[in-house]
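User: Could you walk me through how to read this model? I'm happier at the bench than with coordinates.

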Number of protein chains: 2
Amino acid sequence: MDNALRVHYRLTLAAGENGADKARGIALEQTAELPARCIPEPLLERHVGQVVDLRQTGEHTWNASIAYAAELCGGELTQLLNMLFGNISMKAGILITGIDWPETLLDHFGGPGHGIAGLRALLQLSPDQPLSCTALKPMGSDASTLAEITRAFAAGGVDIIKDDHGLANQPSARFRDRMLACQRAVEQMNAQQAGRSLYFPNVTAGPGELLERMAMARNAGCRGVLLSPWLCGLDSMRLARDEFGLAVLAHPAMTGSYFGTDHGLQPEVLLGDLFRVAGADAVIYPNTGGRFGFSLATCEAINHALRRPLGRLCGAMPAPGGGMDMARAAHWIDQYGVDTMVLIGGSLYQQDDLRGATRRLLATLGR
Amino acid sequence: MDNALRVHYRLTLAAGENGADKARGIALEQTAELPARCIPEPLLERHVGQVVDLRQTGEHTWNASIAYAAELCGGELTQLLNMLFGNISMKAGILITGIDWPETLLDHFGGPGHGIAGLRALLQLSPDQPLSCTALKPMGSDASTLAEITRAFAAGGVDIIKDDHGLANQPSARFRDRMLACQRAVEQMNAQQAGRSLYFPNVTAGPGELLERMAMARNAGCRGVLLSPWLCGLDSMRLARDEFGLAVLAHPAMTGSYFGTDHGLQPEVLLGDLFRVAGADAVIYPNTGGRFGFSLATCEAINHALRRPLGRLCGAMPAPGGGMDMARAAHWIDQYGVDTMVLIGGSLYQQDDLRGATRRLLATLGR
């Protein structure tokens, strides 16, 4: 099939299942949603997934590859997701391990607007400098407190200061007040010390408010935003890129349930391929050894998926975080390479002097 | 805590974990995202979840309840989801089994705009009549073919004819063409035989297109739409209700991965409470015994969550589907009660005469 999306699955069979039927069942379930005998002949080839590879790998496990005509997505990320895993999310023993993308689809969805090189350009950093990021918290702090924290982080020289992804529009710090106060704080501190820190507010919200907040952020001078695509829709990142020219830092909230060992989408497919294709310039994920359970191999696989050659798409920047100790930041840059943004939050807050702690962090990164 | 959302969890401990720490960890992770010692005293009580109940239920299992001040949601469904399961989706052994909702939050989110009684009113059905629904498919059919299928279903007298949730904006049947053709078909057939069938187009799309498609559907005379909230955001249903007055039939695409036995959200919480609170008038779920794996108890629990008294919210209509045999439709109404909409697709398509098959289905329902 020309111009097809090839999706690779690892199938785990339950009693009574067989690999060929299970693969064919997926191809039908994710497209026609009818038994083959009910599908008009002319549609069977072009509008139903085609099992193009199938091999047994263990007593109960098979690898299968299914080709879907690119047009079945209708050019939309919502339908792409649906075709990938909509109905089969409710079945068992189906793990998406990889996707081969047709160039037409990559060009259509577009990927990162800034990418690794673009983020470096925004921050005036050279290719041999790793990136640093931190988060404004805790929830409940008022806008002026958050602005003060922003000032301290900017004084310390951190690259990107993002809202914690739980900061939405709570009465304690309404989006507009907080965003304006923090953006002003970072601009003032940058002016004072010739700094280049950027503030990325969290614009995650419903469809109407999302656009409003992106517009407010851009008008206030923000160069990027934080978004949780699984809360407001994978397609929201494209808007930040195309409508507002904003860089996008994507947060993995709500995605963890797809990362089963024999069912779901492997983290490098969801947080790597899908987030990048949909427009993330940088992707936060829970680093190994922190508060969450990713293995080192999974983290490396996400990094690879974000940076590997993929049609004409820019590479996206991995942002490992989730309980990383600042003392280990340089280690992680050594491990993952310089095209990495370390996200350090709590480890800075646990020290008395935020500005001093941030400076020490930057120093460990050779900055 | 006054005016709090109480969330009930079943915790499964891994080696080295203990119940109290795991519960307290959730309360911090989902709010402040900092260790307690880094949180200013005045915020600790109001802006961090409070563990209000904790009991051991087995060697490795605990039940915990955590109260979150309603204001932590900031009045937004995106942040509600994030607080419920954003970060902990990436942990293990945490299952949300129930939510106690404060009335203020229920009033704020609003729930179904039509609800069970409203759907009956739209369809001019009395309270002792069960509802029927079917789907237009397969993907790849052109708009005029889908309109012909619509005509046959309407001629057979089915209540709601929905787009298959994979029909998006593919070149084979663009949204606008398909929606106009099918809406015209249903109106013509209704006029011809004094019918009352309704057509619900699938408006699932990214934030911009979503609003556009809802507007087109309303302007064409549609009274409701199909939406997959996990593809375009839970908050999208509110727009259909508030901006366009459209009834919402919600589809569970992409939600299945949350339904683990010891991690996730129980189906009655996600497809029941959350979909209803967010504005679904009817909720499709995979009926037991069909192509998917829900137990009868799970289906009953979803039905209960959709219909039970919940503040001032209307009840929502369960729509069991996913491979139901039309011969069993009456059985399912007996089992689930008359406030049920049976969704029968493939079982009709497998018969030669769609109109005849639909009539037989309606006859089994005493219609």
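User: What do the buried residues of helix 12 of chain B pack against?

Analyst: Some ground rules come before the answer. This is a predicted model, where local features need pLDDT of at least 70 and side-chain atom pairs count only at pLDDT 80 or more, while totals for chains, interfaces and linings use all residues. Residues are numbered from 1 along each chain as its sequence is written, and chains are lettered from A and ligands numbered from 1 in the order in which they are written.

Analyst: Now the terms. Helices (H or I, at least four residues) and strands (E, at least two) are DSSP runs, numbered from the N terminus. A residue is buried if 20 or more other C-beta atoms lie within 10 Å of its own, exposed if 12 or fewer, and partly exposed in between, with C-beta atoms placed from the backbone. Two residues are in contact if those C-beta atoms lie within 7 Å.

Analyst: And the case here: the buried residues of helix 12 of chain B pack against helix 11 (267-277), strand 11 (282-286), strand 12 (317-321) and helix 13 (329-336) of chain B. Those buried residues are Cys299(B), Ile302(B), Asn303(B), Ala305(B), Leu306(B) and Arg307(B).

User: Why would residues with gaps between them end up pointing the same way?

Analyst: An α-helix has 3.6 residues a turn, so residues three or four places apart point the same way.

User: How far apart are the end C-alpha atoms of helix 12 of chain B?

Analyst: The expected span of a helix is 1.5 Å times one less than its number of residues. For the 12 residues of helix 12 (residues 296-307) of chain B that gives 16 Å, and the end C-alpha atoms are 17 Å apart, which agrees.

User: Let's zoom out. How many helices and strands does chain A have?

Analyst: Chain A has 15 helices and 13 strands. For overall shape, take the radius of gyration over C-alpha atoms and set it against the globule rule, 2.2 Å times the number of residues to the power 0.38. Chain A comes out at 22 Å, close to the 21 Å that the rule gives for 367 residues, so it is as compact as a globular protein of that length. Along the principal axes, its C-alpha atoms fill a box of roughly 70 × 40 × 35 Å. Of the 367 residues, 59% count as buried. Among contacts in chain A with a separation of 6 or more, 70% are between residues 24 or more positions apart.

User: Which domains does the assignment give for chain A?

Analyst: Domain bounds come from an automatic or database domain assignment. Here it gives domain 1 (4-109) and domain 2 (115-364). The centres of the two domains of chain A, taken over C-alpha atoms, are 33 Å apart. Across the boundary, 18 residues of domain 1 of chain A are in contact with 15 residues of domain 2 of chain A. Strand 4 of chain A gives the most to the domain 1 side, with six residues.

User: How many residues does each chain bring to the contact between A and B?

Analyst: Each side is easy to tally: 72 residues from chain A and 72 residues from chain B. Helix 3 of chain A gives the largest share of the chain A side, eight residues. For chemistry, Ala, Val, Leu, Ile, Met, Phe, Trp, Tyr, Cys and Pro count as nonpolar, Asp, Glu, Lys and Arg as charged, and the others, Gly among them, as polar. The chain A side has 31 nonpolar, 32 polar and nine charged residues.

User: And how are the two copies related?

Analyst: Copies are superposed by least squares on the C-alpha atoms of residues with pLDDT of at least 70 in both. A rotation of 180° with 0.0 Å of shift along its axis puts chain A on chain B (RMSD 0.0 Å). The two copies are thus related as by a two-fold rotation axis. Also, 100% of the interface residues of chain A are interface residues in chain B too, so the copies meet through the same surface.

User: Where is there a cis peptide bond in chain A?

Analyst: Look between Lys137(A) and Pro138(A), where omega is about -5°. Pro138(A) sits in the loop between strand 5 (131-136) and helix 6 (143-156) of chain A.

User: What is the phi of Glu33(A), and is the residue buried or exposed?

Analyst: Phi of Glu33(A) is near 55°, a positive value in a residue other than glycine. Glu33(A) counts as buried, with 25 C-beta neighbours inside 10 Å.
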